[in-house]
Amino acid sequence: MATRSHTPLAERKRQLVAEELRDAALMLLAARGFDAVTVDDIVATAGMSRRTFFRYFASKEDVVVQFLADMGTDVVTELAARPKNEPPSVALRRAIWRPLSGCADQPDHAERIRIVVRLILDTPALHARWLERQIQWRSGLAAELAARHDRDPSTDPYPQMAAGMAMLALDAVLQQWRPGDDDLAGFFAEVVEADQKI
C-alpha cells in the first residue's frame with residue numbers, strides 16, 4: 001500500500017486550493033490576455049470567492065510570479081539532486097529542463113504551458129518579473145554549482161557564468177517555442193551546446 005505524504009492534511013488542502021486558483025488564472029490570462037482578465041473572472045472560473053483568492057495571492061500578477069518562483073525552486077532542487085560526478089553542463093541542462101520535462105509526454109499540457117510562456121514573454125509587466133526571477137534562479141544555480149565543485153563564487157566567475165549561459169539557453173528555447181514543437185528537450189540540448197559549434 002502506498003504511503004501518504006507526511007504533509008499535514010490542512011497544508012495539502014491549502015496547496016490544492018492555491019493550485020486550482022493558479023491554473024484557472026493562468027489559463028484565463030493565456031486565453032484572453034493579461035489586461036482582459038479580472039480577479040472576478042478568475043474566482044468565477046475556479047468556483048471560489050474573492051476572499052479566498054486574496055488569501056493566496058495579492059493580485060493576478062502575483063499568480064504568475066508565484067508560478068515562476070515555484071519553477072525556480074524546482075530547478076535548484078533538481079540541480080542539488082543530480083549526481084555529484086555529472087559534468088556541470090549536463091547537470092545544469094537537466095536541472096533547468098526539469099519544469100518543462102513533462103511536455104514531451106503530454107501534448108495538451110505542453111500547449112497550455114507554451115501559451116502561458118508566450119503570455120509572460122509578450123506582456124511587458126510579466127516579462128520584467130520573469131527577468132527578475134531569472135536573476136534569482138541564476139544566483140541559486142551558481143551557489144549550488146560552486147558548492148558541488150568546491151569553488152568560491154566570490155572569486156571564481158565560473159559558477160555565475162555557467163548558470164547564466166544555461167539560463168540564456170532556456171530563454172532562447174522559450175522565445176522560439178512554436179505550436180506543435182515536440183522535441184523541446186532536444187532543441188534545448190542543441191542550444192546549450194551551440195557554443196561548441198561556433
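Buried here means under 20% relative accessible area and exposed means over 50%, with partly exposed in between. Keep that cut-off handy, and remember that what you have open is a predicted model.

**Stop 1: the start of the chain, α1**

Select Arg22 first. At 22% relative accessibility Arg22 falls between the two limits, so it counts as partly exposed. Now add Asp23, its partner in a salt bridge with 2.9 Å from N to O. Asp23 is partly exposed too, at 38%.

Widen the selection to the whole of α1, residues 9–32. This helix has 24 residues, and its first and last C-alpha atoms lie 35 Å apart, close to the 34 Å expected at 1.5 Å a residue. Which residues of α1 are buried? Colour Arg12, Leu21, Ala24, Ala25, Leu26, Leu28, Leu29 and Ala30 to see them. Then step off the end of the helix onto Gly33, where phi is positive, near 100°.

**Stop 2: two annotated stretches**

Next, select residues 15–75, which an unreviewed UniProt entry annotates as "domain: HTH tetR-type". The chain here is 80% helix and 0% strand, and the C-alpha atoms at its ends are 19 Å apart.

Then narrow the selection to 38–57, listed by UniProt (unreviewed entry) as "DNA-binding region". Helix makes up 75% of this stretch and strand 0%, with 13 Å between the end C-alpha atoms.

**Stop 3: the largest nonpolar core**

Time to look inside. The largest nonpolar core has 53 residues, and Ile96 and Leu170 are the ones touching the most other members. Helices supplying at least two residues each include α1, α2 (39–46), α4 (60–81) and α5 (88–97). Also on that list are α6 (107–122), α7 (124–148), α8 (158–176) and α9 (184–192). Which helix gives the most to this core? That would be α8, with 8 residues.

Centre the view on Ile96 and show its contacts. Leaving aside residues up to four places away in sequence, Ile96 touches Val75, Leu141, Ala166, Met167, Leu170 and Phe188.

Now select α8 on its own. Its 19 residues should span 27 Å at 1.5 Å a residue, and the end C-alpha atoms are indeed 27 Å apart. Its buried residues are Pro159, Ala162, Ala163, Gly164, Ala166, Met167, Ala169, Leu170, Asp171, Val173 and Leu174. Ala166, Met167 and Leu170 should look familiar from the Ile96 contacts.

**Stop 4: salt bridges**

The structure holds 11 salt bridges. For another one, pick Arg82 and Glu86: the closest N and O atoms are 2.9 Å apart. Are these two residues buried or exposed? Both are buried. Add Glu78 and Arg94 to the selection, and you have a network of four, joined by salt bridges that share partners.

Then jump to Asp156 and Arg151, whose side chains meet in a salt bridge at 2.7 Å, N to O. Arg151 has a relative accessible area of 35%, so it is partly exposed.

**Stop 5: two arginines in helices**

Select Arg114, in helix α6. With a relative accessible area of 12%, this arginine is buried. What does Arg114 touch, once residues up to four places away in sequence are set aside? Show Trp177, Arg178 and Pro179 to see its contacts.

Arg129 is next, in helix α7. Its relative accessibility is 26%, which means it counts as partly exposed. Turn on Glu61, Val65 and Leu68, which Arg129 touches when residues up to four places away in sequence are not counted. Draw a distance between the C-alpha atoms of Arg129 and Val65: they are 64 residues apart in sequence and 6.7 Å apart in space.

**Stop 6: the loop between α7 and α8**

Finish at Asp152, in the loop between α7 and α8. Asp152 is partly exposed, with a relative accessible area of 39%. Its side chain is joined to that of Ser154 by a polar contact of 2.7 Å. For a last distance, go from Asp152 back to Ala128: they are 24 residues apart along the chain, and their C-alpha atoms are separated by 30 Å.

Note on methods
Residues are numbered from 1 along each chain as its sequence is written. This is a predicted model: local features need pLDDT of at least 70, side-chain atom pairs count only at pLDDT 80 or more; totals for chains, interfaces and linings use all residues. Side-chain values use heavy atoms; hydrogens and water are left out. A nonpolar core is a set of buried Ala, Val, Leu, Ile, Met, Phe, Trp, Tyr and Cys residues joined through side-chain atoms within 4.5 Å. Buried means under 20% relative accessible area, exposed over 50%, partly exposed in between (1.4 Å probe, protein chains only). Helices (H or I, at least four residues) and strands (E, at least two) are DSSP runs, numbered from the N terminus. Contact means heavy atoms within 4.5 Å. The expected span of a helix is 1.5 Å times one less than its number of residues. UniProt positions are given in the numbering used here, feature names are shortened, and annotations may be inferred rather than shown by experiment. A polar contact is a pair of N or O atoms within 3.5 Å; within protein, one must be able to donate a hydrogen and the other to accept it, and residues adjacent in sequence count only if both atoms are side-chain atoms.
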